[in-house]
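Open the model in your viewer and keep the sequence panel beside it. The tour goes from one selection to the next.

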Amino acid sequence: MFKPRIFTTKMAARGYNFATGVPCSLLGPLINEFTLDERWASFAAPNEGLAVGLAVGAYIGQQKPLVYMQNSGLGNALDGLTSLASIQKVPLLLVVSWRGEPGTNDEPQHDQMGLILPDILQLLGISSGFLATDGGNVDALLDDAAHEYAQRRSFAIIVKEKTFEAQPLSVSRIRSRARGVSHSSGRGGASASPSRISVIDLVQKAAPQTAGIVTSTGKMSRELMMIADGPRNLYVIGSMGLASTVGLGISLFTERKVIILDGDGSVLMQMGALAMIGTYAGANFIHVILDNGVHESTGGQETVARNVSFSAVSADCGFSQAFESCGLGDFEEAFRQALLQQQGPVAIHAHVASGSAANLPRPKASPMENLERFRAHFQLG
């Protein structure tokens, strides 16, 4: 075994400075060291998929991110690794524990994943290496990771049992936040709700030109593209539910407004993101949840949002202000107040009608080209 600070120091020397993920007992000492080491920005995530989304946002924000997880967490991370990080060519350093390593007589729930871990990484096209329990090959592994990083590909370091010496945790980076204020204009009928595209149009017209607009997968991104394609738009065309954490990662490293256009189905899929945003986001973060009660892009199947107040949930998760709107005028006022917000993130739960514009365009630029265009926009000024 060796001290986890040796590992964090060597990674920091290679430029890595951002760590997020979900703990595992094999990685506990290392995760504690990330929290203790002031060279690292360290963020807890409710699940591994959200950690990948946050890390992608941090990369867009000019950081060099690492994602840690138990190997069982690869299941949660698959969507983010394949339809987000991979297609946008975001190179992540993964630190993955090897629970259920054959021959170790681990607990039975780890047996299957332990058996197939190397094969899963290979199928994902992610090169990997095993960290020696004495740490003797750290530099060689980081050389391999550097080679993959230069090609904009991810790399995984697999950690076995009894690799890191114990490292007690003596500090916390989680700030306590009071319950936010929730404002509601009441819920109207479907006929009272504005079209989604009219709300999107209002956002893009009212938002500062220096702002970034991050849109969720499906027709929402395509509607914004049709209205006003431009470098301040980041279209998260895959990884349903991760647009908000991508936006969170970006917002942590800029003072500019970062506006998320999300859907009720996406938010329901990854509601843990609301807790992350409420904990970590600042006043430059605006989360617009466009709720039409259906999965519009797949044919209008109902979601279970009918009984959910996203504004109330957001306020309970630490958003400073949370609004619920039904009419376009109500939304316009809520968005105006969100732009003026000086403390903590803002959520707007906007009820909109189902339906979308016909003949919506699809992106002509690749996801990587869209990402680079967005990054260049955020470096201006």
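How many bridges join strand β1 to strand β3? Select residues 18-21 for β1 and residues 65-70 for β3: four bridges join these strands, which run parallel. Strands here are DSSP runs of E with at least two residues, helices are runs of H or I with at least four residues, and both are numbered from the N terminus. Two strands pair if DSSP finds at least two bridges between them. Within this pair, Gly21 stands opposite Tyr68 in β3.

The model is predicted: local features need pLDDT of at least 70, side-chain atom pairs count only at pLDDT 80 or more, and totals for chains, interfaces and linings use all residues. Residues are numbered from 1 along each chain as its sequence is written, and side-chain values use heavy atoms, with hydrogens and water left out.

Now show the whole sheet. It is open, has six strands with parallel pairing, and follows the order β2-β1-β3-β4-β6-β5. Its edge strands, β2 (41-44) and β5 (127-131), each pair on one side only.

Next, select residues 48-60, helix α3. This helix packs on the sheet and touches β1, β2 and β3, where contact means heavy atoms within 4.5 Å. The direction of α3 makes about 160° with that of β1; axes are lines fitted to C-alpha atoms, for helices over the stretch in contact, and angles run from 0 to 180 degrees between N-to-C directions. Then select residues 138-150, helix α6, which touches β4 (93-97), β5 and β6 (155-159).

Move to Leu94. Leaving aside its neighbours within four places in sequence, Leu94 has contacts that include Val67, Met69, Ile126 and Phe155.

Go on to residues 4-13, helix α1. Which residues of α1 are buried? They are Pro4, Phe7, Thr8 and Met11; buried means under 20% relative accessible area, exposed over 50%, and partly exposed in between (1.4 Å probe, protein chains only). These buried residues cover an arc of only 95° around the axis, which puts them on the same side of α1. The arc is that of the directions from the helix axis to the C-beta atoms. Among the elements that cover them are α2 (28-36), β3 and β4. After α1 comes Gly15, with a positive phi near 100°.

Finish with residues 328-340, helix α13. Phe331, Ala334, Phe335 and Ala338 are buried there, whereas Gly329 and Leu340 are exposed on the other side of α13.
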